[in-house]
Amino acid sequence: MFTIPFLDLPPLRSAQGTVRLPGSKSISNRVLLLAGLCEGTTRVHDLLDSDDTRVMLDALVTLGCKVTAEGAVWLITGIGGRLGVNGAARKADIFLGNSGTSTRSLTAALALLSATQGGEFDIRGVPRMHERPIGDLIDALLPLGCPVTYLGEPGFPPLRLGDGTARALSLDRPLRVRGNVSSQFLTGLLLGLPLVASDQDVVVEVEGELISAPYIAITLNLLEKFGVTVRNENWSRFVIPAGSTLRSPGTLHVEGDASSASYFVALGAIASTAAPLRIEGMGGQSIQGDLRFIDAAQAMGAKVVTGDHWIEVSRGQWPLKAITLDCNHIPDAAMTLAVMALYAEGTTRLTNIASWRVKETDRIAAMATELRKLGATVAEGADFIEVTAPATWSAADIHTYDDHRIAMCFSLAAFNPLSAVPHSAAAELPVRILDPRCVGKTFPDYFETFFDVVQAKTEDIPVITIDGPTASGKGTLASAVAQSIGYHFLDSGALYRATALAALRAGASETDEAALTALAAGLKLRFVAHKIWLGADEVSDELRQEHVGALASKVSVFPGVRAALLALQLSHRRLPGLVADGRDMGTVIFPGADLKVFVTASAAVRAERRVKQLISKGISANIDSLRADLEARDARDQSRSVSPLKPAEDALLLNNSELSVDACVSVVLGWWQERQPFDVPSGA
């Protein structure tokens, strides 16, 4: 219903627990393509579920692959390298979002298949993908005789591969491809060339230095699993043997993503002091080059213990040590080092990162801009960045440029209270991540995972309270506000209604305070995906019934019931923040809330809303009796001796009689924005 324009991270203090990594993006998309091109069916376990893998799965379906899921296992039946046979497509329009790996690898494979089998495929993506260069790959394919047409600006997607006519390729001479822009060009060729290497060896020569060689190592490793052993001659010449055929390995497990591990390795180095942070899913047996990020983290002071499929990280030296590092072997994970430099004594210099310029955004420029917002001193060049920790920290709204890695690595800036760099004052400042959902590209649950293992002072966790009378729409508004900024939601009325429902089920008297208090103390109530569970029962609709609400209003007057439910309400104050609705959230439960809203609407308007709600559920209702009942409840709530219904002294009043839910959300978010030390986010 709502998008999340920003996520506010309060000052964070420590980290502990266990993280289970999502599947590697680099491995997942290579495996999907190989499974889609080969003969047979491949069962893929632990596949990454992300934007990038979804567009690749969609592309395979478009090509004619059979793709099914059995629980968490994906079954991919490939086209066997043949277009137009057994349901395989010969012509299609394929959308690949902003996935560079998918675009470049599919381009190579489909250019080769189209040329030899008379296919025609259009490849396109989001606007940013159309700004990411692909000319070096096309320049390697054209001399073979592959027809490729630029549908936009030369050198960039979108592309048309093939023209519907089959032809022989010129494979006698080595293909030549530049290695100093993106290793994905070479990966694309290596994945696709086994399709046309049946009669002779096919040779690829790399011009210039090969960047990101560990990613090529992943490609070679996976090709071998699919039956093709490529001869690697000193990372400058690669030979695909004649007679190569891609064959399904049957079953394949995707290991955890090493690039994603970097954020938690850094987290452990910065904030794990009581116990190590454990990272599961990859370790010493990893085939990913980004495993070497551990070496860099250790050089900065991290304490690391590694098992075959796990890592444990804790703080070692503090503050961290500045390093100078050639990052050719860990280009993606190196971004995390730039944020670790905020906690390091001295200047950290990261070199050989020219590939950052042609990623999801110009990452060198983007990192420099956002680090400076925090107060860091930054120098940048064509292929390097230098970062010195802030002398004075600033609260910053981090623009993410639709780049998942920027969003994830800058979450670490929320640990600014721990800063201990000489001449740098520790701060206690929030950090705002704009467009946090961009992490969906590789790690959709990143922030949920992050919040599971980090800790803050309770008083630092922000709270918004939304109080008001019965049927004022406070619950709908609070839920919408929570959803719009990624905070937890507490419907305090549900606690009282659940107590009332439990009383009805138990046959307890509405005047028996002791029995009602015992029921309240024993409630097993959960809020899950906007559903409310009482024990093993989903009771969302039952709690909204009129007789339950009427009894809830009566039981809420008992001090024993209120005391029993207090601890349960306070426990909902969890990272990253809470939006709580009720009748005394801002006056009694969270008197120090960061923003207090009191929603009002006339009894006539509230009665009309309730009638429409009941009728929509097939329940007959009389507006006059409903209005009288609401007015009676208002009088009872306002006159009760314990926590009478009234606005907190510092609450902002919101009369929503003539406002839509969306309009009310905008008002509350505007008030919230005014209280934050950030610029107004675009589009918020």
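Trp-235 sits in the loop between β13, residues 231–233, and β14, residues 237–240. Its phi is near 60 degrees, a positive value in a residue other than glycine. The model is a predicted one, so please take that angle as a computed value. As for its surroundings, Trp-235 is partly exposed, at a relative accessible area of 34%.

There is another residue of this kind to show. Ser-212, also not a glycine, has a positive phi of about 55 degrees. Where is Ser-212 placed? In the loop between β12, which covers 202–207, and α6, which covers 213–225. Ser-212 is buried, with a relative accessible area of 4%. As background, most residues other than glycine have a negative phi, and most peptide bonds are trans.

That brings me to the peptide bonds. From Trp-318 to Pro-319 the bond is cis, with omega near 0 degrees. Pro-319 is in the loop that runs between β18 (310–314) and β19 (320–321). Another cis bond joins Leu-575 and Pro-576, and there omega is about 5 degrees. Pro-576 belongs to the loop between α18 (559–570) and β33 (578–582).

Now the chain as a whole. It contains 22 helices and 35 strands. How does the radius of gyration relate to that of a compact globule? For 684 residues a compact globule would have a value near 26 Å, and the chain has 29 Å, which agrees. Along the principal axes, the C-alpha atoms fill a box of roughly 90 × 65 × 45 Å.

Of the 684 residues, 58% are buried. The accessible surface of the chain comes to about 25,600 Å², and carbon and sulfur atoms account for 50% of it. On contacts, take the ones between residues at least 6 apart in sequence: 77% of these join residues at least 24 apart. On charge, there are 63 positive and 75 negative charges, and their mean positions are 2 Å apart.

Next, the aromatic residues. Searching the whole structure gives 13 aromatic pairs. In one of them, Tyr-446 with Phe-450, the ring centres are 5.7 Å apart and the planes are at 25 degrees, so the pair is stacked. The cut-off behind that word is an angle under 30 degrees between the planes.

Why are Tyr-446 and Phe-450 separated by about one helical turn? Because they are four residues apart in helix α12, residues 446–453. In general, an α-helix has 3.6 residues a turn, so residues three or four places apart point the same way. Both partners are out of the solvent by the numbers: Tyr-446 is buried at a relative accessible area of 0%, and Phe-450 also counts as buried at 0%.

The rest of α12 can be described in similar terms. Six of its eight residues are buried, so the helix is largely enclosed by the rest of the structure. Which residues of α12 are buried? They are Tyr-446, Phe-447, Thr-449, Phe-450, Phe-451 and Val-453. Several aromatic names come back in a cluster linked by ring pairs, made up of Tyr-263, Phe-264, Phe-415, Phe-443, Tyr-446, Phe-447, Phe-450 and Phe-451.

Moving on to Ser-272. This residue lies in the loop between α7, residues 258–271, and β16, residues 277–280. Is Ser-272 buried or exposed? Its relative accessibility is 1%, so Ser-272 counts as buried. If we leave aside the neighbours within four places in sequence, Ser-272 is in contact with Ala-15, Leu-267, Leu-277, Val-313, Ser-314 and Arg-315. Those contacts include Ala-15, and from the same serine to Arg-13 the C-alpha distance is 9.3 Å, with the two positions 259 residues apart in sequence numbering.

For the last residue, look at Asp-662 in helix α22, residues 661–674. Asp-662 is partly exposed, with a relative accessible area of 43%. How are Asp-662 and Thr-107 placed relative to each other? They are 555 residues apart along the chain, and their C-alpha atoms are separated by 43 Å.

To go back over the main stops: Trp-235 and its positive phi, the cis bond before Pro-319 and the one before Pro-576, the stacked pair of Tyr-446 and Phe-450, and buried Ser-272.

Notes. Residues are numbered from 1 along each chain as its sequence is written. This is a predicted model: local features need pLDDT of at least 70, side-chain atom pairs count only at pLDDT 80 or more; totals for chains, interfaces and linings use all residues. Side-chain values use heavy atoms; hydrogens and water are left out. Helices (H or I, at least four residues) and strands (E, at least two) are DSSP runs, numbered from the N terminus. The radius of gyration is taken over C-alpha atoms; the globule rule is 2.2 Å times the number of residues to the power 0.38. Buried means under 20% relative accessible area, exposed over 50%, partly exposed in between (1.4 Å probe, protein chains only). Contact means heavy atoms within 4.5 Å. Accessible areas come from the Shrake-Rupley method with a 1.4 Å probe; for residues, only the protein chains shown count as cover. Lys and Arg count as positive and Asp and Glu as negative; His and the chain ends are not counted. The place of a charge is taken as NZ of Lys, CZ of Arg, CG of Asp or CD of Glu. Rings of Phe, Tyr and Trp (its six-membered ring) pair if their centres lie within 6.5 Å; planes under 30 degrees apart count as stacked, over 60 as edge-to-face and the rest as tilted.
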